[in-house]
Amino acid sequence: ESDLKKLEIEDYADEWMMAIAQVYYRAWAAQSDVRAAEAGLKRRERLLSLIQKKVFSGTAERPDLLQVKSALLGSKIRLTNARDALDSIWRDLVVTLKFPASWMHGDPLLIPVELDNPAASALSMCQRNAKPTPFSNTGVRKFDLMKSAAKLGLEIAENQYSPQLNLSLVMGGNGVDRVDAGESQREAFNAQHPNYTAMLSLKVPWSHFKEKAQALQTFSNKETADSRYAQAFAQFEVDWMSACEQLTHWQEKVASLQEVVNNQKERVTLEESRFRLGRVPLVNVIQAGDDQTDAESNLAQTQVQFRLNSWKVRRMVGLIKPYLEGLQK
């Protein structure tokens, strides 16, 4: 029972660590959204300045100006929404990590929130040919202990309910001198005339209904524990393959979206340059800016999922507890 409690505490600590990581990564992603929205607003302001000059010089018309102003208002709304989300997530982080309450009133965008790199070790473990032993997983070990405890309980119940067979052996010595009592005692003490007695007894519990019910219940508990252990053991292999496959996919998505962001940045620069020369319509510049902001936001969310999945893999092989112990030291 003590070992089972320790595993339950360890499992709870793992859950707590995963929850903290999720809130922390959400805070980082929210900061990224705000910065992307701020960059988008600056592009809109730069575009508004450009279109105002064009309208003044006669190379653009008022509808173009109205379109840019509407896009500018949309960027301001997007920035406000991103700010609200960041403030809410930051308050959750302050409460969860028990930071001073005064921290809630500061600008969360000024707080340095950096990403760690749990993916390197997780990818390394997934790329090995040999699968980790299921017994490194807290859940599997917990069900294994429960199975052993149920088996022991069944043995105890069966011993209480089963018939009991006892064999008794008695050996003695007699003194047979009828004249000298002392000689008779000496002969008995030295077992010169030994005798043996054997007794076999059988105790059958005919009406032990309570013991029988307990035996049936413990048998049911054992079958349930065995089934749960077998299921956890098999499920670990399935979950491990799935987690590693998802981790690889998230890695590929991060690389692809990083390339998308780079392409969108170049596209924005080229579209603005072509618009100044009058080679493309205004909508091209506006759409390019929106696409860059969306790409940056998608990249941040994907990086969060990539890291959360990495921690999931590390948790499956019991690496969160050593990580927390390392932080304590």
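Q: Which residues does Val 34 touch, not counting residues up to four places away in sequence?

A: In this predicted model, Val 34 touches Leu 79, Ala 82, Arg 83, Leu 86 and Leu 109. Val 34 also belongs to the largest nonpolar core, which has 28 residues.

Q: Which members of the largest nonpolar core touch the most other members?

A: They are Val 34, Leu 47, Leu 48, Ile 51, Val 68, Phe 275 and Leu 282. The elements that give two or more residues to this core are helix H1 (2-57), H2 and H7. The largest share, 11 residues, comes from H2. Another core lies apart from this one; it has 18 residues, among them Ala 119, Met 125, Phe 306 and Met 316.

Q: In what order do the elements of the chain run from the N terminus on?

A: The order is α-α-α-α-β-α-β-α-α-α, which comes to eight helices and two strands. Of the 329 residues in the chain, 33% are buried. As for contacts between residues at least 6 apart in sequence, 79% of them join residues at least 24 apart.

Q: How many ångströms should H2 span at 1.5 Å a residue?

A: The 35 residues of H2 should span 51 Å, and the end C-alpha atoms of H2 are 51 Å apart, so the two values agree. The same reading applies to H7: this helix has 35 residues and reaches 52 Å from its first C-alpha to its last, close to the 51 Å expected.

Q: Which residues of H2 are buried?

A: The general idea comes from the geometry of a helix. An α-helix has 3.6 residues a turn, so residues three or four places apart point the same way. In H2 the buried residues include Leu 65, Val 68, Ala 71, Leu 72, Ser 75, Leu 79 and Ala 82. Further along H2, Leu 86, Ile 89, Trp 90, Leu 93 and Val 94 are buried as well.

Q: Is H7 mostly covered or mostly uncovered?

A: H7 is mostly covered, with 25 of its 35 residues buried. Gly 318 follows H7 and has a positive phi, near 75 degrees.

Q: Where does Lys 98 lie, and what is its phi?

A: Most residues other than glycine have a negative phi. Lys 98, in contrast, has a positive phi near 60 degrees, although the residue is not glycine. Lys 98 comes just after H2, in the loop between helix H2 (62-96) and helix H3 (119-127). With a relative accessibility of 73%, Lys 98 counts as exposed, because the exposed class begins over 50%.

Q: Which residues does the disulfide join?

A: A disulfide is a covalent bond between the sulfur atoms of two cysteines. The structure holds one disulfide, and it joins Cys 126 to Cys 244, with 2.1 Å from S to S. The torsion about the S-S bond of Cys 126 and Cys 244 is about -75 degrees, so this disulfide is left-handed. Cys 126 lies in helix H3 and Cys 244 in helix H6 (residues 209-276), so the pair ties together parts that are 118 residues apart in sequence. Both Cys 126 and Cys 244 are buried.

Q: How many aromatic pairs does a search of the whole structure find?

A: The search finds three aromatic pairs. One of them consists of Phe 99 and Trp 103, whose ring centres are 4.8 Å apart. Their planes stand at 35 degrees, so the pair is tilted. Phe 99 is partly exposed, at 30% relative accessibility, and Trp 103 is partly exposed, at 40%.

Another pair, formed by Trp 311 and Tyr 323, is edge-to-face, with 4.9 Å centre to centre and 65 degrees between the planes. Trp 311 lies in helix H7 (residues 282-316) and Tyr 323 in helix H8 (residues 320-328), so the pair ties together parts that are 12 residues apart in sequence. Trp 311 is buried, with a relative accessible area of 2%, whereas Tyr 323 is partly exposed at 30%.

Q: Which charged end sits over the ring of Trp 250, and which residue lies over the face of Phe 275?

A: The charged end of Lys 253 sits over the ring of Trp 250, 4.2 Å from the ring centre. Lys 54 lies over the face of Phe 275, at 5.2 Å from the centre of that ring. Phe 275 was named earlier as a member of the largest nonpolar core.

Notes:
Residues are numbered from 1 along each chain as its sequence is written. This is a predicted model: local features need pLDDT of at least 70, side-chain atom pairs count only at pLDDT 80 or more; totals for chains, interfaces and linings use all residues. Side-chain values use heavy atoms; hydrogens and water are left out. Rings of Phe, Tyr and Trp (its six-membered ring) pair if their centres lie within 6.5 Å; planes under 30 degrees apart count as stacked, over 60 as edge-to-face and the rest as tilted. Buried means under 20% relative accessible area, exposed over 50%, partly exposed in between (1.4 Å probe, protein chains only). Helices (H or I, at least four residues) and strands (E, at least two) are DSSP runs, numbered from the N terminus. A charge sits over a ring if NZ of Lys or CZ of Arg is within 6 Å of the ring centre and within 35 degrees of the ring normal. A disulfide is a pair of cysteine sulfur atoms within 2.5 Å. The expected span of a helix is 1.5 Å times one less than its number of residues. A nonpolar core is a set of buried Ala, Val, Leu, Ile, Met, Phe, Trp, Tyr and Cys residues joined through side-chain atoms within 4.5 Å. Contact means heavy atoms within 4.5 Å.
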